[in-house]
Amino acid sequence: MRLVEKITGSIYLIVLGLCIGGIVLCAISAATIFDSNAILRINDLSNSILTRFDEGIIMTKIFERFGYILNISAIIILVYESLSFKLQKSGFLLWLLGILNAILMFLFTFYYINKIVTMQNEGASVTAGVDFNLIHKQSEVVFKVLLVTLIVAFIARVFVLASNKVAEKRPKKRKLGCV
């Protein structure tokens, strides 16, 4: 395996790992932010009470900022997986998984985050409604599916990169024939 392939493969794994870690961190942040009143009251750190709407605004800001990372990562995934498939460094299923990851990332950032922000801008009464709850639940499902597909892509890419390294170390077979 050439040095360029090793470096790009490593960078690609870092990008996938960054997305996986970011999703996990968002889940941890959400659990903490939506329990902030209990945390602040237990430690007597504050008398103010955040509403569920306020907590949602904070969490949305985190998702908006993480969305930039997801969008850049989606572009990197599309380019890397398409080139890898075109150059026959990986198979169709891995390319398809990369396409799925990019679609889920763009769906989350360009549709769900924007829709949630729009509804939040309309006020707390809108975010307490059934429509908001439905959009929010759908975004959670997309985020969870994205996490799973990113983990699968990460593991699959590790195996592909490792198998390329093993294949490179094998001696080439000589053709038997007359000299």
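This passage walks through the confidence, the helix geometry and the side-chain contacts of a predicted model.

Starting with confidence, the protein chain has a mean pLDDT of 89, and 88% of its residues reach 70 or more. The low point is helix α2, residues 36-42, with a mean of 75. At the other end of the range sits α4, where confidence is highest, at 97.

Helix α4 is worth a look in its own right. It covers residues 92-121, 30 residues in total, and runs 42 Å from its first C-alpha to its last. That is close to the 44 Å expected at 1.5 Å a residue. Even so, α4 has a kink of about 30°, and the kink is centred on F108. Just past the end of the helix, G123 adopts a positive phi of about 115°. F108 comes up again below, among the aromatic contacts.

Turning to charged side chains, the model contains six salt bridges. One of them pairs K89 with E5, with 3.2 Å between the closest N and O atoms. This contact brings together distant parts of the chain: K89 is in the loop between α3 (52-86) and α4, while E5 belongs to helix α1 (residues 3-33), and the two are 84 residues apart. The partners differ in how much surface they show. K89 counts as partly exposed because its relative accessibility is 36%, whereas E5, at 18%, falls under the 20% cut-off and so counts as buried.

A second salt bridge joins K61 and E64, at 3.4 Å from N to O. Here the partners are neighbours within one helix: K61 and E64 are three residues apart in α3, so about one helical turn separates them. Why does that spacing suit a side-chain contact of this kind? An α-helix has 3.6 residues a turn, so residues three or four places apart point the same way. Both ends of this bridge have some surface showing, K61 being partly exposed at 44% relative accessibility and E64 partly exposed at 26%.

The bridge between E81 and R157 has its N and O atoms 2.6 Å apart. E81 lies in helix α3 and R157 in helix α6 (residues 130-169), so the bridge ties together parts of the chain that are 76 residues apart in sequence. As for the surroundings, E81 is buried, with a relative accessible area of 1%, and R157 is likewise buried, also at 1%. Salt bridges with shared partners also build a network, which takes in R2, E5 and K89. The E5 of that network is the one already met above, in helix α1.

Next come the aromatics, with ten aromatic pairs in the structure. F85 and W95 have ring centres 5.5 Å apart and planes at 20°, so this pair counts as stacked. F85 is in helix α3 and W95 in helix α4, ten residues apart, and the contact links distant parts of the chain. Both rings remain partly exposed, F85 at 32% relative accessibility and W95 at 23%.

F108 and F143 make another stacked pair, because their planes also sit at 20°, with the ring centres 4.4 Å apart. F108 lies in helix α4 and F143 in helix α6, so the stack ties together parts that are 35 residues apart in sequence. Buried or partly exposed, then, for these two? F108 is buried, with a relative accessible area of 5%, and F143 is buried too, at 9%. The pair also belongs to a bigger group: ring pairs link F63, F66, F108 and F143 into a cluster. F108 therefore marks the centre of the kink in α4 and takes part in this cluster, while being buried at 5%.

Last, the cysteines. How many disulfides does the structure hold? The count is zero. Among the cysteines, C19 is buried, at 0% relative accessibility, and C26 is buried as well, with a relative accessible area of 5%.

Key. Residues numbered from 1 in each chain as written. Predicted model: local features only at pLDDT ≥ 70, side-chain atom pairs only at ≥ 80, totals over all residues. Heavy atoms only, no water. Helix = DSSP H or I, 4+ residues; strand = E, 2+ residues; numbered from the N terminus. Expected span 1.5 Å × (residues − 1). Bend = angle between axes of the 7 residues up to and from the residue. Salt bridge = Lys/Arg side-chain N within 4 Å of Asp/Glu carboxyl O. Buried < 20%, exposed > 50% of the residue type's maximum accessible area, 1.4 Å probe, protein only. Phe/Tyr/Trp six-rings, centres within 6.5 Å; stacked < 30°, edge-to-face > 60°. Disulfide = S-S within 2.5 Å. pLDDT = per-residue confidence, 0-100.
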